[in-house]
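Biologist: Hi! Could you walk me through this structure?
Modeller: Happy to, here it is.

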Amino acid sequence: LEILYYIDLFGTLVFAISGVLAAIEKRFDLVGAFIMGFVTAVGGGTLRDVLLGQTPVGWLTDINYVLAISVGLLICLVAKKEVLKLRKSLFLFDSIGIGLFTILGLQKALELGLHPLLAILMGVVSAVFGGVIRDVLANEVPLIFRQEIYATACLAGAVVFYFTDMLTPLSWFPLLLSMAVVLIIRYLAVRKGWSLGLKI
Amino acid sequence: LEILYYIDLFGTLVFAISGVLAAIEKRFDLVGAFIMGFVTAVGGGTLRDVLLGQTPVGWLTDINYVLAISVGLLICLVAKKEVLKLRKSLFLFDSIGIGLFTILGLQKALELGLHPLLAILMGVVSAVFGGVIRDVLANEVPLIFRQEIYATACLAGAVVFYFTDMLTPLSWFPLLLSMAVVLIIRYLAVRKGWSLGLKI
Amino acid sequence: LEILYYIDLFGTLVFAISGVLAAIEKRFDLVGAFIMGFVTAVGGGTLRDVLLGQTPVGWLTDINYVLAISVGLLICLVAKKEVLKLRKSLFLFDSIGIGLFTILGLQKALELGLHPLLAILMGVVSAVFGGVIRDVLANEVPLIFRQEIYATACLAGAVVFYFTDMLTPLSWFPLLLSMAVVLIIRYLAVRKGWSLGLKI
């Protein structure tokens, strides 16, 4: 499905932008911004590939991922103000990104014969650990440790995908449904200050 | 030696509990607690497997490790107070855990033909780096950097195991002796505020 | 080229010293100092090897790297004052180290058939990520995020090496030229408070 490849690249670009914006907030320099964009965009998938032994990791075999990250950095440099204004629209693309990253990671793990529970876990790792590594590098406690809804949305999307993909021969339906689940959960969470109350 | 497998799983559970307790202290949410328990329990072994190229890493090939971690999380959720009271007894199990993790890591590295010094190092890494990653994620300086006795105990256990295992055909003796060494060093360290004075 | 191997070991020793000095500043204990020296010295190359799937990683197949790191630690322990005084001379060796690490990483990646841009990136990662991991463990924002000239020097060295190595059959010329580029850029940067002004 070639369109998935382009959505993946676009998700990489959007994730890179979110990393670069975090770097700008922290007043890092250009190298710092590039690294922050980089790890945010490919950190989760890289960790998944390394844990699975799928090396060289994905972005080392296809120059387009580094190009997408570079474009993201460039956009932030030439249009910082506009990007900051567009943050709400970015939210939409970001949600599409994590939804897709979750599902691609899940599928990759299933193909390697992992236990479904572990494959779902790998899907969530693919989507959220880029942000974890970004926060660690920025010397912050990972955002996800205090905003669990982000990972919960990925988890829900992964579970929905796993079961609908098993039950239906329609290849697009599981993808669209699970991405809609991710998007709706995140939208409700932000709009209503909603969290699953998963405090301990 | 099947019993080793169950001790390994039990050590994983105990390590997960210590990670979850650290997350509770930091007021992370449920996702944060799960991740903290997870990296504390399997972080060291995962790093060892990745460095050695033994992938997919161990816990991706056996669902029981994730289950042990989940049980550890569940115990903390339903019996937080009791777990906190039992912390001293946990210390015993924790020491058994690091002793075993050290030895299993050492053996794995030796089987792959590593130089004995490097195999001993890999044993210590298996035991202590879960805690290092936990502390990094919690945005703390790794505890081990200021309480060297923890790593020293593992190192002593690994050295004792290596030499007794070489010298004796009794497969249980090296294991029990080296785990006793780890336990005694840690006990003395805590009881007497003892440290090897390895300040620099 | 056997001499490259010895320069590599020497660079490892110098990098280890810089990690140990950072640990002393932070008042870590001996174990902390060893780990800090270790990750500073081999962290970048280890990350590169893991991403490329070249495992077991380099220092697990040759005990001399751990010995070089141990010697670095020992030097700091017995001659802390002298080492601190020599910091300026260390700068020279450190620059030789990062120059060489960059080029060795670049070559390794090219040999594996990576896209030249990605190979250059891997060269820079080999040289600078040891320091990034050191700073993360010390609970600091990576120095490189605020002093971009360090990575810029490596990048310039890698680019110069790539093109001269392609254009000339003289195997020593590209190496010496690119290492001189790294050294000169860093020298100018320190001497003149020079930075490329790559602020964002």
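Modeller: Let me begin at the interface of chain C and chain A, where four residue pairs are in polar contact, both residues at pLDDT 80 or more. A polar contact is a pair of N or O atoms within 3.5 Å; within protein, one must be able to donate a hydrogen and the other to accept it, and residues adjacent in sequence count only if both atoms are side-chain atoms.

Biologist: Which elements of chain C supply at least two residues each to the side that touches chain A?
Modeller: Those are α2 (30–52), α6 (116–137) and α7 (149–167) of chain C. Helices here are DSSP runs (H or I, at least four residues), numbered from the N terminus. The most comes from α6(C), with seven residues.

Biologist: And how do the residues on that side of chain C divide?
Modeller: Into 18 nonpolar, five polar and four charged. Ala, Val, Leu, Ile, Met, Phe, Trp, Tyr, Cys and Pro count as nonpolar, Asp, Glu, Lys and Arg as charged, and the others, Gly among them, as polar.

Biologist: How many salt bridges between chain C and chain A?
Modeller: Zero, taking a salt bridge as a side-chain nitrogen of Lys or Arg within 4 Å of a carboxyl oxygen of Asp or Glu.

Biologist: Before I go on, what kind of model is this?
Modeller: A predicted one: local features need pLDDT of at least 70 and side-chain atom pairs count only at pLDDT 80 or more, while totals for chains, interfaces and linings use all residues. Residues are numbered from 1 along each chain as its sequence is written, chains are lettered from A and ligands numbered from 1 in the order in which they are written, and side-chain values use heavy atoms, leaving out hydrogens and water.

Biologist: Thanks! How much area do chain C and chain A bury between them?
Modeller: About 2300 Å², with 77% of it on carbon and sulfur atoms. Buried area is the accessible area (1.4 Å probe) that two parts lose on being put together, summed over both.

Biologist: What turn lays chain C on chain A?
Modeller: A turn of 120°, with a shift of 0.0 Å along the axis and an RMSD of 0.0 Å. That is the relation of a three-fold axis. The copies are superposed by least squares on the C-alpha atoms of residues with pLDDT of at least 70 in both.

Biologist: New topic: what comes just after α5(B)?
Modeller: Gly113(B), which takes a positive phi of about 85°.
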